[in-house]
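Trainee: Could you walk me slowly through one part of this model, its cysteines and side-chain pairings, and then show me what lies around them? I am new to this, so please explain your reasoning as you go.

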Amino acid sequence: MEEIWEMVRQHKNVTVFGCNTCVAVCHQGGNKEAEILASLLRMKATREELEIQFVDSGIERQCEHEFFEKAEGLLQNSEAVLSLACGIGVQFVATKYPKTPVYPALNTTFLGDVIAPGVFTEKCQGCGDCVLGATGGVCPISRCAKRVLNGPCGGSANGKCEISREVDCAWQLIIDRLDAMGKMENYEKLSSLKDWSRDRAGGPRSFKLEDF
Amino acid sequence: MELKTESKLEKIFKSGHLAVTSECGPPRSSDPTHIIEKGRLIKNHVDAVNITDNQTSVTRICSLAACIHLKNEGIEPVLQMVTRDRNRIALQSDLLGAASFGINNVLCLSGDHQSFGDHRQAQNVFDLDSMQLLQTVRHMREEGKFLSGDEIKVPPRFYAGAAANPFGDPFMIRVPRLAKKIAAGAEFIQTQCIYNMDRFEKWMEEVRDRGLDGKVNIMAGITPMRSVGMAKYMKRAVPGMDVPDELIDRLAGVEKKQQAQEGINIAIEQIQRLKEVKGVAGFHVMAIEWEEKVPEIIESAGLYPRPEVD
Ligand code: SF4
Ligand code: SF4
C-alpha cells in the first residue's frame, strides 16, 4: 500500500483499473479489488489532507484491444492509471495511452495453477523448450529451486527442498511419478544441456500464428 | 599405468594406494594468508586439497585464486566448481584459466541455494547442473571442444570428480544416481560425511553389486565432531545428514572438555573400519575450520606417510 501510495500521491485524478480475468481469479486484481483499493486510497488521501480523485473501474482483460472500448472515454480523461492487471496488462495500457502515467498495483509473481481455492503454486516459467515429457509431467524448471535437470541435488530431504521444509522437492515428485508409472529406467538417462536461447535468455520472445 | 591427466590424485588411485584428500574454505577477505597457512598445516599429510567454491553461498576468495595459492605452496589443488553462480561460458572460461595454472582436478557440484548465504537477494544461474558440468569437463578433455562445438587448441585435461550422498533422499535412487554421475564422466567421488556406518556399508554393497566400484574411485567423507552440540545440530539442521543416536550418546557420555578428542577418536575408528570395505578407494577428511587436527587423524588411522608417486 505504501509503495502504491508513493506512486500515485502526486496526481489529482487517478483511475484505479481492474482486470477481471486471471488476476481476478487470484482475488488480487479484479474489478471488486479495484473498488476496494480505490476506497482505501480515498481514505488515505483524506487522512493526508490531499485532494485526489480516485475513480474505480475495470474491464474483462487488459491485454487485448477490444475489451478497452467501454472504458475508452474514462481512460482518455484520466491523469493517471493504477492498473490491477498483471505486468502484461500494465504494459498494454501504457502502450495504448502513451502520454498517461500507468502504475502497477500488483507484483506479478508467477504462472501457476489453483491447487485449492485460494492456494496458488508456480507450475511453468514458459521456458520455451518443454521437458515435461521426460520428467514425469513435473516441471523441474519452475518447481526445483535450482532448476536442475538431473536431480535431485544433495539437499533433498524427506521429500522437501533444501530451501524450506514447506516446499516440495520437485525431483522427489518426479521420481515418485516415474516410479508409479513403472518408468524408473528413465531416471538414469542423462538429460541433454538445456537450450536456454528459447527461454528469456534468448531475448524478448514473440509468437505468431501463420495465416491468421 | 595409463594416465589420462597430469593429476596426482589419478596417479595415487592408479598405483593402487588409498588416496587422502582434505578440504579448505577460503577467507572472506582479500588476504590469502589464512588459506596458505591452512594448506601448510596439512600439506604433508594429504595427496590433494579441495578448495570450496563460495560454500553455503557465502562470498569468499574464489576457488580458482585460492587453488593457485596452494599450487604455489607445492600442494595439489582440487578446484571445486558450483554451477550456481556461473553460466556455461564462465564455467568453461574458468576451466581454461585453471588448466593454464596447472590445476589438474575439478570437483563438479551444483552448490547450495543462495538463500543459505550472505546474498539472499542474488540471482542464481544454474545454467548447467552438476552432471552437465561433469559432461562439460569430459567433453572438453576428450573431444577437445567447447560445448559450442568449437575446437580448443590445447584442451584442459582435468581429472573429474563429483560428490555423492549415500544418505540423501529419495533413498531409492542413491545407487542409480551414482551410476548416472559415472555415466556423466565422474572418475572420483567424494561422499557426504559418513556417520551412519551400517547404512554406508549397505550402500557400498549395492554399489559393488552393480560393479560401480570398478568404474569410479570412491572416497569416504570423514568429518570429526567437535562436540555433542555439533552432532545434534548436524542431525537436526543439515539436510541429507544421517547422524545416529549412538554417536550422539557416545559424545554426550564424555566430559565436555574431552568431547573434541572423542570426536577425533571416532573419526579414526571410522577410517580404520572403512579401510576394510571393498570399493573404498580413499578418504576425504573435511575438518571444517579444524585443519590442525587433520595430521593427527591421518597418522593415527595409519595413512601416513603418503606415498610418493611423481
Ligand atoms: S519445462 Fe518449460 S515450458 Fe515446460 S512446464 Fe516447465 S517451464 Fe513450462
Ligand atoms: S532439494 Fe529438490 S527441489 Fe530443491 S533444489 Fe534440490 S533438487 Fe531442486
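**A close look, starting from one cysteine**

Mentor: Happy to! Let's begin with A:Cys130, which counts as exposed because its relative accessibility is 62%, and the cut-off for exposed is over 50%. Please keep in mind throughout that this is a predicted model.

A:Cys130 is also one of the residues around ligand 1. Its companions there include the cysteines A:Cys124, A:Cys127 and A:Cys139. A:Lys123, A:Gln125, A:Gly126, A:Val131, A:Leu132 and A:Ile141 belong to that shell as well. Sorted by kind, the shell holds seven nonpolar residues, two polar ones and one charged one.

With several cysteines in view, you may wonder about disulfides. The count over all chains is zero. B:Cys193 gives us an example: the nearest cysteine sulfur belongs to B:Cys24 and is 15 Å away. B:Cys193 is in no disulfide, because a disulfide needs two cysteine sulfur atoms within 2.5 Å. B:Cys193 counts as buried, since its relative accessibility is 4%, and buried means under 20%.

Now for the pairings. Side chains of opposite charge can pair when their charged atoms come close. Over all chains, the structure has 34 salt bridges. Let's visit a few of them in chain B.

Start with B:Asp94 and B:Arg86, whose side chains form a salt bridge with an N to O distance of 2.7 Å. B:Arg86 counts as buried because its relative accessibility is 17%. So a charged side chain can be a buried one, as B:Arg86 shows here.

Next come B:Asp213 and B:Lys278, with 3.5 Å from N to O in their salt bridge. B:Asp213 sits in the loop between helix H7 (197–209) and strand S7 (217–222) of chain B, while B:Lys278 sits in the loop between helix H10 (259–275) and strand S8 (280–285), so this pair ties together parts that are 65 residues apart in sequence. The two partners have opposite settings. B:Asp213 counts as buried because its relative accessible area is 19%, whereas B:Lys278 counts as exposed because its value is 58%.

A third pair is B:Glu262 with B:Arg250, where N and O are 2.8 Å apart. B:Glu262 belongs to helix H10 of chain B and B:Arg250 to helix H9 (residues 245–252), and the two are 12 residues apart. Try classing them yourself. At 15%, B:Glu262 is buried; at 31%, B:Arg250 counts as partly exposed.

Salt bridges can also join up into a group. B:Arg138, B:Arg141, B:Glu142 and B:Glu187 are linked in such a network.

While we are in helix H9, look at B:Leu247, which lies there too. B:Leu247 is buried, at 9% relative accessibility. The C-alpha atom of B:Leu247 is 8.7 Å from that of B:Asn196, although 51 residues separate them along the chain.

From here, let's turn to the backbone. Most residues other than glycine have a negative phi, and most peptide bonds are trans. B:Phe126 has a positive phi of about 45°, and it is not a glycine. B:Phe126 lies in the loop between strand S4 (105–109) and helix H5 (130–143) of chain B, and it counts as buried because its relative accessibility is 1%. A:Glu49 has a positive phi too, about 55°. Its place is the loop between helix H3 (31–47) and strand S2 (53–59) of chain A. Unlike a buried residue, A:Glu49 is exposed, at 73% relative accessible area.

Chain B also offers cis peptide bonds to look at. One joins B:Asp169 and B:Pro170, with omega about -15°. You will find B:Pro170 in the loop between strand S5 (159–164) and helix H6 (174–184). Another joins B:Tyr304 and B:Pro305, with omega about 0°, and B:Pro305 is in the segment after helix H11 (294–300).

Let's finish on the surface of chain A. A:Met1, A:Ile36, A:Leu40 and A:Met43 make a nonpolar surface patch of about 360 Å². A:Met1 comes in the segment before helix H1 (2–8), and with 41% relative accessible area it is partly exposed.

Definitions and conventions
Residues numbered from 1 in each chain as written. Chains lettered and ligands numbered in written order. Predicted model: local features only at pLDDT ≥ 70, side-chain atom pairs only at ≥ 80, totals over all residues. Heavy atoms only, no water. Buried < 20%, exposed > 50% of the residue type's maximum accessible area, 1.4 Å probe, protein only. Salt bridge = Lys/Arg side-chain N within 4 Å of Asp/Glu carboxyl O. Helix = DSSP H or I, 4+ residues; strand = E, 2+ residues; numbered from the N terminus. Patch = residues over 30% accessible without salt bridge, like charges linked within 9 Å, V, L, I, M, F, W, Y side chains within 5 Å. Areas by Shrake-Rupley, 256 points an atom, 1.4 Å probe, with all protein chains shown as cover. Near = heavy atom within 4 Å. Nonpolar A, V, L, I, M, F, W, Y, C, P; charged D, E, K, R; others polar.
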